[in-house]
Amino acid sequence: MMVAFSTVAVAAFAALVLSAPTKHEKRQAPAGVPDYVLKYAPVVYLHGQDPYLPSDFQTHLLHTTARVNYNVVEAPSPLDLNNLDALGIDVYLTSNDDITTNPGWIKGIKPDGNGKTDNGVTSAVIVNDKGNGNVDAFYMHFYSYNWGGLVLGMKDLNFGNHVGDWEHLMIRFSNGIPQYVWYSQHANGQAFKYSILEKHTDGLRPIAYSGNGSHALYAIGGTHDHTIPNFNLPGGFLEDHTERGVLWDPLQSSYYYKYDGNSNSFSTYDEATPTGYLRFEGRWGDQEYPTSDKRQVKIFGQAKFASGPTGPRDKQLNRNNVCPENGKECILRGILLPRSRDLEDKIFEGDVVQR
Ligand SMILES: *[C@@H]1O[C@H](CO)[C@@H](O)[C@H](O)[C@H]1NC(C)=O
């Protein structure tokens, strides 16, 4: 009996030791990526009803054409992640399909049971080592389509749809210890102390809840509201709906980079990873359709179909504060709060304001 028990114990111990490297391999991170950048990487809960899921960068390029002022311009063919930086700042990667027909490729890849977007690279991790143990790790997420939601929940008041969508979380580390996490939400976002965030089953990786369609990232589930800049309709606001829908672990389908703030340049940890697309300064989607286009609706300056966004290089990768510079106060929350118009500028006990 005694012997049998210890054999089981030894086998269990061996299994534990052997399972460690396998788990690491699954993340496919090249050697050199700081282990804490992987260990504390956020996981995302996508909304269960969101048809527009994380998308493969290269697939997006296959279904878009470089256009300037709606006209096709000369471009490398085929476009790929190494040659995208041959395109100018005025280029819009414009859908080859009429986007209102909901072509399959804009729906991205549904994460499997392990949270992996199979056969696609849908995320980029960018590490900015500022020296003295100060490291900002950016976790960039890509979607081929952003559905802007409904103003006041009315089905005819749908604004802010666009082709291409880059969202990000940023963790500020000090000597390998996570301090704060930035959650991007539309033109702004929220910052929280790492210690108060809801964590994944391992107790380490913070959870981010993705807005249905908009993919804005929130620290807590449920409904969040946000005003639309310059939208002066009385009560004109949008809600983001989040829930524990589909688990996505972006790390399982990610490229990894080092970013140098002094030279504003990217480098890789291995030879196989492309970088050209990170230097592309143009837009990842269609240009806002003119009002002469029958798909377009424009009310009080808000377009139903907005222009696609710029890429990761435009996310202030060398920021001083945890928040990007956007004219707003940078409040590092010490308590979990939903995004809400009423709470946005309030300071609570435990909050830190960065100036
Ligand atoms: C989620 O988004 C889809 C379309 O993008 C919409 O049909 C559905 O009603 C939305 N659900 C919620 C709860 O917002």
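H200 is partly exposed, with 17 other C-beta atoms within 10 Å. That residue is a handy way into this predicted model, since H200 sits in the loop that runs between strand 9 (188-193) and strand 10. The chain as a whole has 355 residues, 39% of them counted as buried, and it holds 4 helices and 20 strands.

**Around H200**

- Setting aside neighbours within four places in sequence, H200 is in contact with V43, R205 and I207.
- Two of those contacts fall in strands that pair with each other: V43 and I207 belong to strand 1 (residues 43-46) and strand 10 (residues 207-210), which run parallel over 3 bridges.
- H200 also comes to 8.2 Å from P42, C-alpha to C-alpha, although 158 residues separate the two in sequence.

**Strands 1, 10 and 11**

- In the parallel pairing, Y45 stands opposite Y209 in strand 10.
- Y209 has a bridge partner in strand 11 as well, namely Y218.
- Strands 10 and 11 (the latter residues 217-218) run antiparallel and are joined by 2 bridges.
- Together, strand 10 and strand 11 make a hairpin with 6 residues between them, and G213 in the turn has a positive phi of about 85°.
- H215 is in the loop between strand 10 and strand 11 too, and its phi is near 65°, positive even though the residue isn't glycine.
- Is H215 buried or exposed? H215 is buried, because 27 other C-beta atoms lie within 10 Å and the cut-off for buried is 20 or more.

**The ligand's surroundings**

- Q49, D50, P51, W147, N212, G213 and H241 surround the ligand.
- G213, then, is both part of this shell and part of the hairpin turn between strand 10 and strand 11.
- Sorted by class, the shell comes out as 2 nonpolar, 4 polar and 1 charged residues.

**The nonpolar core**

- The largest nonpolar core has 70 residues, and the members touching the most others are A137, L169, V181 and A191.
- Strand 6 (residues 134-146) gives the most to this core, with 8 residues.
- A191 touches Y180, V181, W182, V322, C323, C330, I331, L332 and R333, leaving out residues up to four places away in sequence.
- Looking at the whole chain, 68% of the contacts between residues at least 6 apart in sequence join residues at least 24 apart.

**A small open sheet**

- An open sheet of 3 strands follows the order 3-2-4, with antiparallel pairing.
- Its edges are strand 3 (71-72) and strand 4 (92-95), each of which pairs on one side only.
- Strand 2 (residues 64-68) pairs with strand 4 in the antiparallel sense over 4 bridges, and T64 stands opposite S95 there.
- The loop between strand 3 and strand 4 is where you'll find P78, and the peptide bond from S77 to P78 is cis, with omega near -5°.

**Backbone oddities and another loop**

- As background for the unusual angles, most residues other than glycine have a negative phi, and most peptide bonds are trans.
- N264 is another non-glycine residue with a positive phi, here near 50°.
- You'll find N264 in the loop between strand 15 (254-260) and strand 16 (265-268).
- N264 is exposed, because just 11 other C-beta atoms lie within 10 Å and the cut-off for exposed is 12 or fewer.
- V297 lies in the loop between helix 4 (276-279) and strand 17 (298-299).
- V297 is partly exposed, with 16 other C-beta atoms within 10 Å.
- The C-alpha atoms of V297 and F159 are separated by 8.3 Å, while the two residues are 138 apart along the chain.

**How far to trust it**

- The average pLDDT over the chain is 90, and 89% of the residues score at least 70.
- Residues 1-25 are another story: the pLDDT there is below 50, and the stretch has 0 contacts in the model beyond near neighbours in sequence.
- Where pLDDT is low, the predicted coordinates should not be read in detail.

How values were computed
Residues are numbered from 1 along each chain as its sequence is written. This is a predicted model: local features need pLDDT of at least 70, side-chain atom pairs count only at pLDDT 80 or more; totals for chains, interfaces and linings use all residues. A nonpolar core is a set of buried Ala, Val, Leu, Ile, Met, Phe, Trp, Tyr and Cys residues joined through C-beta atoms within 7 Å. Two residues are in contact if their C-beta atoms, placed from the backbone, lie within 7 Å. A residue is near a molecule or strand if its C-beta atom, placed from the backbone, lies within 6 Å of it. Ala, Val, Leu, Ile, Met, Phe, Trp, Tyr, Cys and Pro count as nonpolar, Asp, Glu, Lys and Arg as charged, and the others, Gly among them, as polar. Two strands pair if DSSP finds at least two bridges between them. pLDDT is the predictor's confidence in each residue, from 0 to 100.
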